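The following exercises concern a predicted model. Each task is followed by a solution worked in steps.

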Amino acid sequence: MEQTPNSSDRPVHAERRPVTEKESRRANGPDWDRYADEYQATHGAFLGDAGFVWGPEGITEAELGLLGDVGGKDVLELGSGACQCSRWVATKGGRAIGLDLSYRQLQHSHRLDLETGVEVPAVQGTATNLPFRDATFDIVFCSFGALQFVADIEDAIAETVRVLRPGGRFAFSITHPTRWMFPDDPGEDGLVASQSYWDRTPYVEVDAETGIVSYVEHHRTLGDWVRLLADAGFALTDLAEPEWPRDHDRVWGGWSRTRGLLTPGTAIFGANLLA
Ligand SMILES: C[S@@+](CC[C@H](N)C(=O)[O-])C[C@H]1O[C@@H](n2cnc3c(N)ncnc32)[C@H](O)[C@@H]1O
């Protein structure tokens with residue numbers, strides 16, 4: 001998640017600079033392939049093999065209910081990783097499908113299918129070009145998945161609209177946009193604003209040896225997200241900003257109790273596609 005759990009042992013340097021969708025995808029696919037084993041080993045137990053966690057605060061879909069009743073619904077998860085959330089949806093009677101850029105993440109999904117006995121079909125692809133027919137799904141969701149990794153966010157939202165049925169539901173969690181003002185540090189230093197909230201220049205890691213872009217994240221403000229959803233024909237119904245539970249002491253990248261008790265780390269949007 002976010003700015004960033006450095007996803008490989010290779011030396012990189014971080015900078016802020018414009019990058020295209022092609023560069024973002026070319027970097028992030030292999031990056032998540034390299035990082036997938038460590039990601040699942042580190043966070044798998046917290047996520048739960050068939051669990052639905054919206055972010056490092058640990059708030060679950062069972063608590064929030066942002067998707068509504070998933071029973072009997074066709075559900076797509078964008079940036080599904082090992083499809084833990086989709087597996088939870090399946091246990092509640094939904095027909096869930098996962099989509100992820102990283103083949104290695106999807107191999108972990110297959111492993112969890114076998115280990116849990118709850119099978120979720122999953123496909124390799126990008127959120128900006130979905131391999132599904134129009135009006136296929138009742139619900140599209142994304143838990144810290146693809147959306148903050150794509151440059152062409154309008155395409156990802158347009159594709160979501162295309163595959164949703166009229167009146168369909170869209171919900172997604174992202175790094176809370178206000179976090180971009182702060183260094184990605186779970187300690188006290190991560191509480192001192194050091195860069196502009198309004199600077200949308202992507203966060204980029206460059207391989208120090210090859211000079212190739214190896215990881216990218218994109219930032220949009222809260223207002224940007226509201227405008228994106230409204231322009232695409234969604235009615236925004238929820239913006240959840242989960243509070244850090246006082247007894248929750250788990251550090252995940254830049255997310256920690258130290259910061260979480262003072263500033264929001266996750267934003268979760270819920271919206272309905274106007275019929
Ligand atoms: C922080 S992980 C979250 C995975 C999962 N939702 C979870 O909670 O564990 C982000 C995921 O987004 C995927 N991703 C990045 N860019 C993507 C894109 N353009 N299309 C689809 N998935 C993408 C990555 O491969 C990675 O598995």
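**Exercise 1.** Determine which residues of helix H1 (21–47) are buried, and which elements they pack against.

*Solution.* Step 1: apply the burial criterion, 20 or more other C-beta atoms within 10 Å of the residue's own. Step 2: the residues of H1 that are buried are Ser24, Arg25, Ala27, Asn28, Asp31, Trp32, Tyr35, Ala36, Tyr39, Gln40 and Leu47. Step 3: these buried residues pack against H3, H4 and strand E8 (213–217).

**Exercise 2.** Compare the span of H1 with that of a straight helix, and locate its bend.

*Solution.* Step 1: at 1.5 Å a residue, a straight helix of 27 residues would span 39 Å. Step 2: between its end C-alpha atoms, H1 spans only 29 Å. Step 3: a bend of about 50° is found in H1 at Tyr35. Step 4: after H1 comes Gly48, with a positive phi near 85°.

**Exercise 3.** Establish why helix H3 (residues 84–91) is described as largely enclosed.

*Solution.* Step 1: the buried residues in H3 are Gln84, Cys85, Ser86, Arg87, Trp88, Val89 and Ala90. Step 2: because 7 of its 8 residues are buried, H3 is largely enclosed by the rest of the structure. Step 3: the packing partners of these buried residues include H1, helix H2 (61–64) and strand E5 (137–143).

**Exercise 4.** Characterise the shell around the ligand by proximity, element and class.

*Solution.* Step 1: 22 residues surround the ligand, and Trp32, Gly79, Gly81, Ala146 and Phe149 come nearest. Step 2: H1 and strand E3 (95–100) are the elements giving two or more residues to the shell. Step 3: H1 supplies the largest share, 4 residues. Step 4: by class, the shell comprises 11 nonpolar, 9 polar and 2 charged residues.

How values were computed. Residues numbered from 1 in each chain as written. Predicted model: local features only at pLDDT ≥ 70, side-chain atom pairs only at ≥ 80, totals over all residues. Near = placed C-beta within 6 Å. Nonpolar A, V, L, I, M, F, W, Y, C, P; charged D, E, K, R; others polar. Buried ≥ 20, exposed ≤ 12 C-beta atoms within 10 Å, placed from the backbone. Contact = placed C-beta atoms within 7 Å. Expected span 1.5 Å × (residues − 1). Bend = angle between axes of the 7 residues up to and from the residue.
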